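Dear colleague,

I am handing over the structure we spoke about, with its sequence, and my notes follow underneath. Please read them with the coordinates open beside you.

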Amino acid sequence: MNTALLIIGVLMLLVVAATVAEAYFRSQTRKPLSQSRPKGVAPRALGQDATTTSILQDLLDERQRLKAAHMQKETRR
């Protein structure tokens with residue numbers, strides 16, 4: 001009976017150790033929000049802030065690019 005409890009205790013200890021190690025290594029790979037940057041955003045000139053109009057312009061440019069790509073696909077057929 002003592003041997004079975006010892007084996008179960010060791011297994012539980014290993015599970016806890018693996019969980020702690022996983023949590024530690026995951027916390028080391030994440031960047032703080034202040035250091036992360038969104039992808040797919042047009043670069044801005046020095047001193048230029050992203051305003052509502054510049055974001056809208058980016059969306060319109062992207063829409064125009066997608067429309068042109070779609071037209072090229074249709075003309076190939």
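What is the count of buried residues among the 28 residues of H1? The count is zero, and H1 is accordingly described as hardly covered. Please keep in mind throughout that this is a predicted model, and that the values below were computed from it.

To set the scene, the chain holds two helices and zero strands, and of its 77 residues 1% count as buried. The accessible surface of the chain comes to about 7,800 Å², with 63% of that area belonging to carbon and sulfur atoms.

Helix H1 runs over residues 2–29. From its first C-alpha to its last, H1 reaches 41 Å, which is close to the 40 Å expected for its 28 residues at 1.5 Å a residue.

Within the range of H1 there is a nonpolar patch on the surface, formed by Leu6, Ile7, Val10, Leu11 and Leu14, and together these residues offer about 490 Å² of accessible area. Leu6, one of the patch residues, lies in helix H1 and has a relative accessible area of 56%, so that Leu6 counts as exposed, the cut-off being over 50%.

Further along the chain comes an aromatic contact, and the structure holds one such pair. The rings of Tyr24 and Phe25 have their centres 5.4 Å apart and their planes at 70 degrees, and the pair is therefore edge-to-face. Where the two residues stand with respect to the surface can be stated for each: Tyr24 is partly exposed, with a relative accessible area of 48%, whereas Phe25, at 55% relative accessibility, counts as exposed.

I then turned to the charged side chains. Side chains of opposite charge can pair when their charged atoms come close, and a search of the whole structure finds two salt bridges.

One of them joins Arg26 to Glu22, with the closest N and O atoms 3.3 Å apart. Both Arg26 and Glu22 lie in helix H1, where they are four residues apart, or about one turn of the helix. Arg26 is partly exposed at 47% relative accessibility, and Glu22 is likewise partly exposed, at 42%.

The other salt bridge is made by the side chains of Glu62 and Arg65, which meet at 2.7 Å, N to O. Glu62 and Arg65 belong to helix H2, which covers residues 52–76, and because they are three residues apart there, about one helical turn separates them. Here too the partners are partly exposed, Glu62 with a relative accessible area of 36% and Arg65 at 47% relative accessibility.

The spacing in both cases can be read against a general point about helices: an α-helix has 3.6 residues a turn, so residues three or four places apart point the same way.

With best regards

How values were computed
Residues numbered from 1 in each chain as written. Predicted model: local features only at pLDDT ≥ 70, side-chain atom pairs only at ≥ 80, totals over all residues. Heavy atoms only, no water. Patch = residues over 30% accessible without salt bridge, like charges linked within 9 Å, V, L, I, M, F, W, Y side chains within 5 Å. Areas by Shrake-Rupley, 256 points an atom, 1.4 Å probe, with all protein chains shown as cover. Salt bridge = Lys/Arg side-chain N within 4 Å of Asp/Glu carboxyl O. Buried < 20%, exposed > 50% of the residue type's maximum accessible area, 1.4 Å probe, protein only. Phe/Tyr/Trp six-rings, centres within 6.5 Å; stacked < 30°, edge-to-face > 60°. Expected span 1.5 Å × (residues − 1).
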